[in-house]
Amino acid sequence: PDGLLVSCDLPDLRSVRFSPGGLHFAYLRGPRTLGVLETLCPTREPISFNFKWAKTDFEVLDFFWLAAAPNQGDTAIELAAITTQGIEVFKLSLDQGHSRSQKTFP
């Protein structure tokens with residue numbers, strides 16, 4: 001939605017990206033906490049991400065939404081995370097509130 005103001009209290013917020021339809025947004029908190037919230041209800045439980053890499057120096061450098069398949073809108077979408085260990089692509093089921101790692105590129 002155009003001109004929408006979203007208020008949420010996320011400590012150490014570093015970056016925010018809205019989904020292509022604008023109904024959700026992904027955020028990065030600190031060096032490695034990535035999550036997704038509903039734009040119109042940011043107080044609900046976020047969708048979290050479990051990365052394949054567990055090294056102590058692991059950090060998320062950036063992230064972005066991938067194009068949705070036709071007719072899927074914001075219900076099943078992918079998000080790519082660029083990390084210090086490589087790239088990991090997640091499939092999100094936004095209506096069910098979970099993410100699953102699809103591919104990794106070291």
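Colleague: Why is Asp-12 called partly exposed?

Modeller: In this predicted model, Asp-12 has a relative accessible area of 47%. Partly exposed covers what lies between under 20%, which is buried, and over 50%, which is exposed. The 47% of Asp-12 falls in that range, so partly exposed is the right label.

Colleague: What makes the phi of Asp-12 worth a look?

Modeller: Asp-12 is not a glycine, yet its phi is positive, at about 60 degrees. Most residues other than glycine have a negative phi. As for its place in the chain, Asp-12 sits in the segment before β1.

Colleague: How do you know that Asp-12 forms a salt bridge with Arg-14?

Modeller: The closest N and O atoms of Asp-12 and Arg-14 are 3.8 Å apart. The cut-off is 4 Å between a side-chain nitrogen of Lys or Arg and a carboxyl oxygen of Asp or Glu, so this pair qualifies.

Colleague: How many salt bridges does a search of the whole structure find?

Modeller: Three. Another one joins the side chains of Glu-38 and Arg-44, at 2.7 Å from N to O. Glu-38 is partly exposed at 29% relative accessible area, and Arg-44 is partly exposed too, at 47%.

Colleague: What makes Arg-17 and Asp-62 a pair that ties together parts 45 residues apart in sequence?

Modeller: Their side chains meet in a salt bridge of 2.7 Å, N to O. Arg-17 belongs to strand β1 and Asp-62 to strand β5 (residues 60–65), so the bridge links parts 45 residues apart in sequence. Arg-17 has 29% relative accessibility and counts as partly exposed; for Asp-62 the value is 29%, again partly exposed.

Colleague: Why does Glu-88 have no salt bridge?

Modeller: The nearest side chain of opposite charge, that of Lys-52, is 5.5 Å away. A salt bridge has to be within 4 Å, so Lys-52 does not qualify as a partner. Glu-88 is buried all the same, and it is part of strand β7 (residues 87–93).

Colleague: Which side chain makes a polar contact with Glu-88?

Modeller: The side chain of Ser-101, at 2.6 Å. The limit for a polar contact is 3.5 Å, so that distance passes. Beyond four places in sequence, Glu-88 touches residues including Phe-51, Trp-53, Leu-79 and Lys-103.

Colleague: How do you know that Leu-13 belongs in a nonpolar patch on the surface?

Modeller: Leu-13 counts as partly exposed at 40% relative accessibility. Patch members need over 30%, so Leu-13 clears that bar. Its companions in the patch are Val-16 and Phe-18, and together the three have about 240 Å² of accessible area. Leu-13 itself is in strand β1 (residues 13–18).

Colleague: What makes His-98 and Gln-96 a polar contact?

Modeller: Their side chains are joined at 3.1 Å, and the limit is 3.5 Å, so the pair counts. His-98 is in strand β8 (residues 98–105) and has 35% relative accessibility, which means partly exposed. Its contacts beyond four places in sequence are Ile-47, Lys-91, Leu-92 and Ser-93. The C-alpha atoms of His-98 and Phe-49 are 8.3 Å apart, although 49 residues separate them along the chain.

Colleague: Which pattern does the protein chain follow along its sequence?

Modeller: It reads β-β-β-β-β-β-β-β, with eight strands and zero helices. Of the 106 residues, 39% are buried. The accessible surface comes to about 6400 Å², and carbon and sulfur atoms hold 50% of it.

Notes: Residues are numbered from 1 along each chain as its sequence is written. This is a predicted model: local features need pLDDT of at least 70, side-chain atom pairs count only at pLDDT 80 or more; totals for chains, interfaces and linings use all residues. Side-chain values use heavy atoms; hydrogens and water are left out. Patches are made of residues with over 30% relative accessible area and no salt bridge: like charges are joined within 9 Å, nonpolar side chains (Val, Leu, Ile, Met, Phe, Trp, Tyr) within 5 Å. Accessible areas come from the Shrake-Rupley method with a 1.4 Å probe; for residues, only the protein chains shown count as cover. Helices (H or I, at least four residues) and strands (E, at least two) are DSSP runs, numbered from the N terminus. Buried means under 20% relative accessible area, exposed over 50%, partly exposed in between (1.4 Å probe, protein chains only). Lys and Arg count as positive and Asp and Glu as negative; His and the chain ends are not counted. A polar contact is a pair of N or O atoms within 3.5 Å; within protein, one must be able to donate a hydrogen and the other to accept it, and residues adjacent in sequence count only if both atoms are side-chain atoms. Contact means heavy atoms within 4.5 Å.
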